[in-house]
Amino acid sequence: MNKILETILLLLILIITSSLSGNLLTPDYFHRDFCPQKAIHSIEIIALYDLGLFSDIPWGISLVGDSFWFTDVVSDPWEVCSLKQYNIPMDTLTGVIWDVSDVGYSRWIADMTYDSANGYIWCVSVGGTDFVYAIDPETGIIEDTLYDPDSNWTDISQRGIGYDPENDIFYIGGWNRNRIYKVKGKTWANDGEIIDSFPANNCAGIGWDRVTETIWFCENEEKNTIFQLHATTGAVLCSLEIEWCLPYSLAGLEIADDGTIWFVDMNQKIVYYISSPLRIEEIQTPHCISLSAYPNPFNSAVTISFDGVGAGSPVPIRAEIYDLAGRKISDAEPVEAGAGMVTKDNSTGSVSATASLTCGDLKFIWRPDPSLPSGVYLVRARFGQGGPSTGSGSVVSKRVVYLK
Ligand SMILES: [Ca+2]
């Protein structure tokens with residue numbers, strides 16, 4: 001009798017534990033645990049422009065033809081601000097610089113946006129009238145002004161500005177109110193009036209995306225993030241964590257006509273040009289990727305491993321090492337690819353692995369050349385086809401610390 005009871009008890013325990021472990025090991029549970037509620041999108045840095053030699057505090061950005069214009073605020077005193085033109089293909093300043101210190105009796109100019117119909121750069125003035133001003137980049141002269149007839153968005157300084165030319169609507173906002181105002185442009189009867197407004201925490205820069213007809217803004221926060229908002233409801237559609245920038249770095253932002261994102265890192269004095277997640281989704285690469293490095297800091301070698309959710313089939317992966325100035329140092333070598341394949345591209349010398357990322361079975365290793373100095377390096381994992389030149393594929397990155 002005792003034996004029968006014992007067996008029944010054992011069977012019950014077995015059934016309970018197996019159902020528990022079954023629950024714990026289902027892919028659904030794994031994915032939820034692994035990929036939190038917040039959507040994480042990977043980011044491809046297409047290019048970066050170092051303004052260190054050309055600026056004190058770069059702030060606003062506006063894209064005009066093959067140039068971008070940026071505002072440069074002199075930190076001491078804060079009353080001096082200039083508007084500078086940077087030639088993108090030549091990768092240097094053009095030499096055209098306008099003094100915009102007294103635009104709107106301001107202390108400085110924050111973000112900007114380009115109005116192609118009139119050829120104006122619209123600028124947010126800070127600390128004076130707090131209006132926005134249209135400057136002709138050919139002459140540096142103020143050609144137009146936009147302000148709120150009800151003084152709702154102009155009673156305090158704003159930071160970001162984006163422009164929808166099809167509907168003549170400005171998106172203006174900042175971190176004093178943590179709001180973005182949807183504002184009537186100059187062809188409307190009551191120009192400057194607010195149509196609507198949306199919450200936008202610590203908003204520093206704003207851009208209008210003509211491709212998806214959505215608003216993008218960057219948050220100047222400890223953890224720098226760029227958000228995409230629905231233009232009618234203000235709902236957050238996606239967020240991009242800019243994890244390689246120092247805390248409180250993001251300033252001006254603009255969206256190019258092809259939907260790519262440009263933003264200013266005011267602390268490192270760099271303009272970044274990154275791909276839009278729209279393209280990433282089009283090519284069906286993993287939508288949630290985790291990259292881990294162990295040990296970190298490391299001395300002789302660091303092992304880099306990946307997990308990804310959303311990769312239905314094996315994808316090619318490369319792990320590259322960059323220094324903080326954006327220079328490529330080397331490739332990391334794949335050491336374990338489970339059921340995947342390791343291939344070498346003889347034309348470029350780069351090594352890549354093709355593996356399914358859902359089982360976390362791929363590892364790379366990096367053994368730095370002994371001549372390399374100690375310091376912080378970036379591991380950049382490139383997923384899918386393409387690279388910076390094509391704008392396709394996607395990248396996640398992680399900082400590792402090399403200590404000799
Ligand atoms: Ca802008």
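Colleague: Before the chain is discussed, when does a residue count as buried, and what share of the 404 residues do so?

Modeller: A residue is buried if 20 or more other C-beta atoms lie within 10 Å of its own C-beta atom. The model is predicted, and the chain holds three helices and 30 strands. Of its 404 residues, the share that counts as buried is 39%.

Colleague: Is W175 buried, partly exposed or exposed?

Modeller: W175 lies in the loop between β11 (169–174) and β12 (179–184). Its surroundings contain 18 other C-beta atoms within 10 Å. Because burial requires 20 or more and exposure 12 or fewer, W175 is partly exposed.

Colleague: Which residue, 26 residues from W175 along the chain, has its C-alpha atom 6.6 Å from that of W175?

Modeller: Beyond its neighbours within four places in sequence, W175 is in contact with residues including R159, C203 and N220. Also among these contacts are N202 and A204. The residue whose C-alpha atom is separated by 6.6 Å from that of W175 is N201.

Colleague: Which residues have the most contacts inside the largest nonpolar core?

Modeller: This core has 70 residues, and its largest share, six residues, comes from strand β7 (residues 120–126). F217 touches, among others, G173, I180, C203 and F227, with residues up to four places away not counted. The residues with the most contacts inside the core are C123 and F217.

Colleague: How many residues form the second, separate core?

Modeller: Members of the second core include I304, F306, W366 and V396. This core is separate, and its number of residues is 16.

How values were computed: Residues numbered from 1 in each chain as written. Predicted model: local features only at pLDDT ≥ 70, side-chain atom pairs only at ≥ 80, totals over all residues. Helix = DSSP H or I, 4+ residues; strand = E, 2+ residues; numbered from the N terminus. Contact = placed C-beta atoms within 7 Å. Core = buried A, V, L, I, M, F, W, Y, C linked by C-beta atoms within 7 Å.
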